[in-house]
Amino acid sequence: MGNDHYGDELTLRLSDIADITALDDDQALTTFMRDLVTRIGMTVIAGPLVATEGGPPEKSGKSAVVILAESHAAIHTYPHLREIFVNVFSCKPFREADVLAEFRRLVGDYEVSEHTLRRRGEEWPRDLSAAERLWSGRRAPA
C-alpha cells in the first residue's frame, strides 16, 4: 500500500465450518484473536473482548473484537449455523492468505461464501493541513 489509500478492509462470511467447537468457547476465541493479529503483524491496543449473544440457536453465538493500533479485527460466530462473519480493517498492509490460514487452524475446512476486499479512504489525505482543508470544505458554515 502506498499513499494512495488509507487502508484495506477484508470482510468474509465463512460457511460449512468443519469443527464448530471453538465457535462457542471464550478462551479459544480470545487466543485465536491474539494469534490472528500477531500473524498479520498488527499491534493490540485493547482486547480481545469476547461477548455472548443468546437467543434462539440460529441467532446465538459469540462476538470477538480486538482494537489495533492499525484499526480493528472482529468476528461473529454462529455455531448452530456453522458460520463466522469476519471484518479486518487496517491502515497497514496484511495478507489475506494469512487471515484465511488462521481460520483454517481454528475450525478446519470451511467455504468462503462471501468475500470483499476494499481499499478504504482513497481520497484520505495523510497531510493534516490537506485534511483540514478537505473537512472544512465539506462542512456547512457555522
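**Exercise 1: the overall layout**

Find out how many helices and strands the protein chain has, and in what order they come.

*Solution.* Start by counting: the protein chain of this predicted model has three helices and six strands. Next, walk along the sequence, and you get the pattern β-α-β-β-β-β-α-β-α. Finally, look at burial: of the 142 residues in the protein chain, 36% are buried.

**Exercise 2: following the strands**

Work out how strands 2 and 3, strands 3 and 4, and strands 4 and 5 pair: parallel or antiparallel?

*Solution.* Take the pairs one by one.

- Step 1: strand 2 (residues 44-53) pairs with strand 3 in the antiparallel sense, over seven bridges. To see this in the model, find A51 and look across to S63 in strand 3.
- Step 2: strand 3 (residues 61-68) and strand 4 (residues 71-78) are antiparallel too, with seven bridges. S63 turns up again here, standing opposite H76 in strand 4. Further along, L68 has S71 of strand 4 as its bridge partner.
- Step 3: strand 4 and strand 5 (residues 83-90) pair in the antiparallel sense over eight bridges. One spot to check is A73, whose bridge partner in strand 5 is V88.

**Exercise 3: two hairpins**

How many residues sit between the two strands of each hairpin, first for strands 3 and 4, then for strands 4 and 5?

*Solution.* Strands 3 and 4 form a hairpin with two residues between them. For the hairpin of strands 4 and 5, the count is four residues. While you're in that second turn, check R82: its phi is positive, about 60 degrees.

**Exercise 4: helix against helix**

Decide how helix 1 and helix 2 are oriented relative to each other.

*Solution.* First get the geometry: the two helices pack at an angle of about 155 degrees, and their axes are 9 Å apart. Now compare with the cut-off: angles over 145 degrees count as roughly antiparallel. Helix 1 and helix 2 are therefore roughly antiparallel to each other. One last detail is the handedness: the crossing of helix 1 and helix 2 is right-handed.

**Exercise 5: aromatic pairs**

The structure holds two aromatic pairs. For the pair F32 and F103, say how the rings are arranged and which parts of the chain they tie together.

*Solution.* The ring centres of F32 and F103 are 4.7 Å apart and the planes stand at 55 degrees, so this pair is tilted. Now place the residues: F32 belongs to helix 1 (residues 26-39) and F103 to helix 2 (residues 96-107), so the pair ties together parts that are 71 residues apart in sequence. Are these two rings buried or exposed? F32 has a relative accessible area of 4%, so F32 is buried. F103 comes out at 0%, so F103 is buried as well.

The other pair is Y78 and F85, with 6.1 Å from centre to centre and 90 degrees between the planes, which makes it edge-to-face. At 24% relative accessibility, Y78 counts as partly exposed. F85, at 31%, is partly exposed too.

**Exercise 6: a charge over a ring**

Which residue lies over the face of Y110?

*Solution.* Go to the ring of Y110 and look over its face: you'll find R104 there, at 4.1 Å from the ring centre.

**Exercise 7: backbone oddities**

Most residues other than glycine have a negative phi, and most peptide bonds are trans. What do you find at D16, at S71 and between G47 and P48?

*Solution.* Go through the three places in turn.

- Step 1: D16 isn't a glycine, yet its phi is positive, near 55 degrees. D16 lies in the loop between strand 1 (7-15) and helix 1. Its relative accessibility is 55%, so D16 counts as exposed.
- Step 2: S71 has a positive phi as well, about 150 degrees, and isn't a glycine either. You'll find S71 in strand 4, and you've already met S71 as the bridge partner of L68.
- Step 3: the peptide bond joining G47 and P48 is cis, with omega at about 5 degrees. P48 has its place in strand 2.

Conventions: Residues numbered from 1 in each chain as written. Predicted model: local features only at pLDDT ≥ 70, side-chain atom pairs only at ≥ 80, totals over all residues. Heavy atoms only, no water. Phe/Tyr/Trp six-rings, centres within 6.5 Å; stacked < 30°, edge-to-face > 60°. Buried < 20%, exposed > 50% of the residue type's maximum accessible area, 1.4 Å probe, protein only. Lys NZ or Arg CZ within 6 Å of the ring centre and 35° of its normal. Pairing = 2+ DSSP bridges. Axes fitted to C-alpha atoms, helices over the stretch in contact; angles between N-to-C directions. Parallel < 35°, antiparallel > 145°, perpendicular 65-115°, else oblique. Left-handed = near helix turned anticlockwise from the far one by under 90°.
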